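Welcome! Here are some exercises with worked solutions on reading a protein structure. Take a look at the sequence and the model, then try each task before reading its solution.

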Amino acid sequence: MQILADYHVHSHHSGDSDAPMNEVVESAISKGLKFLCFTEHMDIDYPEYPQDNITKNTFLLDAKTYKNEFLKIKDKYKDQIELHYGVELGLQPHVLEENKAFLSENDFEFVIGSNHICNRKDPYYPEFFMDRSEQDAMNEFFESTLENIRLFNNYDVLGHLDYAIRYAPTKGADYSYDQHRDIIDEILKQLISDGKGLDVNTKALYSGMPQPNPDINMLKRFRELGGEIITFGSDAHKAADISNKFDTAADIVRAAGFTSYCIFKDRKPVFYNL
Ligand SMILES: [Zn+2]
Ligand SMILES: [Zn+2]
């Protein structure tokens, strides 16, 4: 059965996307989706990367402007697709209070908690992996994820659990769940005990990597430990990438033992058969 919902999508309201909201929605409709949730970036105190003109303000979300446009678009397409208002919130230990305040001031229907910054560095940039093994760098990434989700639980799914591997110098040639089993299990157990889910993020798949984030072994382990909530997300930053590689991801998720996936309404999961 086709996956009907893309729950990780960016538009021009995110600092790294120019996509007009209507183009994103029309792409989703043309691909047969019934549900789409915008999850614009909000990363408070993002590190500065002057080579890309990135400042600490680049990923600050203007939620008021975003919501105003969202409501217009939602109404415009209401007979064709159900649209939802979400956010991808960057987690860092020193911005807990700002993140809490931001969520209390806004009424998002779905919150992805994402570990983009690890000890003040984004693994997107090569310096994160410099002068050490990929395994050590990934271990630091997972440690920082665990710290974040132990400190903060006002989110619905954890975004792209092993995000950093997308940018590893060898793209994780010898990377596996087994290398990081203990720390990943701690993360998965924390998610389950907090009632949280996983974002099955297909961006790596359509960037030429063999697995989504997280990969099949992590998904299998999540299921084994009792995890039930997963959402599918293309992490599209342009309209054409909406639901890209969802068929491949659905096969992987089924093979990992899941029989359903979720959409979210008002921060609550609703299950659909896979
Ligand atoms: Zn992200
Ligand atoms: Zn994203």
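Two strands pair if DSSP finds at least two bridges between them. Helices (H or I, at least four residues) and strands (E, at least two) are DSSP runs, numbered from the N terminus. Residues are numbered from 1 along each chain as its sequence is written, and chains are lettered from A and ligands numbered from 1 in the order in which they are written. Please keep in mind that this is a predicted model, in which local features need pLDDT of at least 70 and side-chain atom pairs count only at pLDDT 80 or more, while totals for chains, interfaces and linings use all residues.

**Exercise 1. Describe the open sheet and its edges.**

Step 1: β1 pairs with strand β2 (residues 35–42) in the parallel sense, over 3 bridges. Within this pairing, L36 in β2 is the bridge partner of D6.

Step 2: Now follow the whole sheet, which is open, has 7 strands and pairs in parallel, in the order β1-β2-β3-β4-β5-β6-β7.

Step 3: β1 (5–9) and β7 (230–233) are the edge strands, since each pairs on one side only.

Step 4: Helix α2 (residues 63–76) lies across β2 and β3 (82–90) and runs at about 155 degrees to β3. Such angles run from 0 to 180 degrees between N-to-C directions, and the axes are lines fitted to C-alpha atoms, for helices over the stretch in contact.

**Exercise 2. Find the hairpin.**

Step 1: Strand β8 (residues 260–265) and strand β9 (residues 268–273) run antiparallel and are joined by 6 bridges. F264 stands opposite P269 in β9.

Step 2: These two strands, β8 and β9, form a hairpin with 2 residues between them, and D266 in the turn has a positive phi of about 50 degrees.

**Exercise 3. Explore the overall form and the core.**

Step 1: Count the elements: the protein chain has 8 helices and 9 strands.

Step 2: Check the size. The C-alpha trace spans about 50 × 40 × 35 Å along its principal axes. A compact globule of 274 residues would have a radius of gyration near 19 Å, and the 17 Å of the protein chain agrees with this. The radius is taken over C-alpha atoms, and the globule rule is 2.2 Å times the number of residues to the power 0.38.

Step 3: Look inside. A residue is buried if 20 or more other C-beta atoms lie within 10 Å of its own, exposed if 12 or fewer, and partly exposed in between, with C-beta atoms placed from the backbone. Of the 274 residues, 44% count as buried.

Step 4: A nonpolar core is a set of buried Ala, Val, Leu, Ile, Met, Phe, Trp, Tyr and Cys residues joined through C-beta atoms within 7 Å. The largest one has 71 residues, and V24, L36, L198, I230, F232 and V253 touch the most other members. Helix α4 (residues 134–151) gives the most to this core, with 5 residues.

Step 5: Zoom in on F232. Two residues are in contact if their C-beta atoms, placed from the backbone, lie within 7 Å. Leaving aside neighbours within four places in sequence, the contacts of F232 include I3, V200, F246 and Y261.

**Exercise 4. Which residues of α7 are buried?**

Step 1: M218, L219 and F222 are buried in α7.

Step 2: Seen down the axis of α7, these buried residues fall within an arc of 100 degrees, so they line one face of the helix. The arc is that of the directions from the helix axis to the C-beta atoms.

Step 3: Among the elements that cover them are α5, β6 (197–201) and α8 (246–255).

**Exercise 5. Spot the unusual backbone angles.**

Step 1: Recall the background: most residues other than glycine have a negative phi, and most peptide bonds are trans.

Step 2: N119, in the loop between β4 (110–114) and α4, has a positive phi near 50 degrees. N119 counts as partly exposed because it has 13 C-beta neighbours inside 10 Å.

Step 3: H160, in the loop between β5 (157–158) and α5 (181–193), has a positive phi near 25 degrees. H160 counts as buried because it has 27 C-beta neighbours inside 10 Å.

Step 4: A cis peptide bond joins N213 and P214, with omega about 0 degrees. P214 is found in the loop between α6 (203–206) and α7 (216–224).
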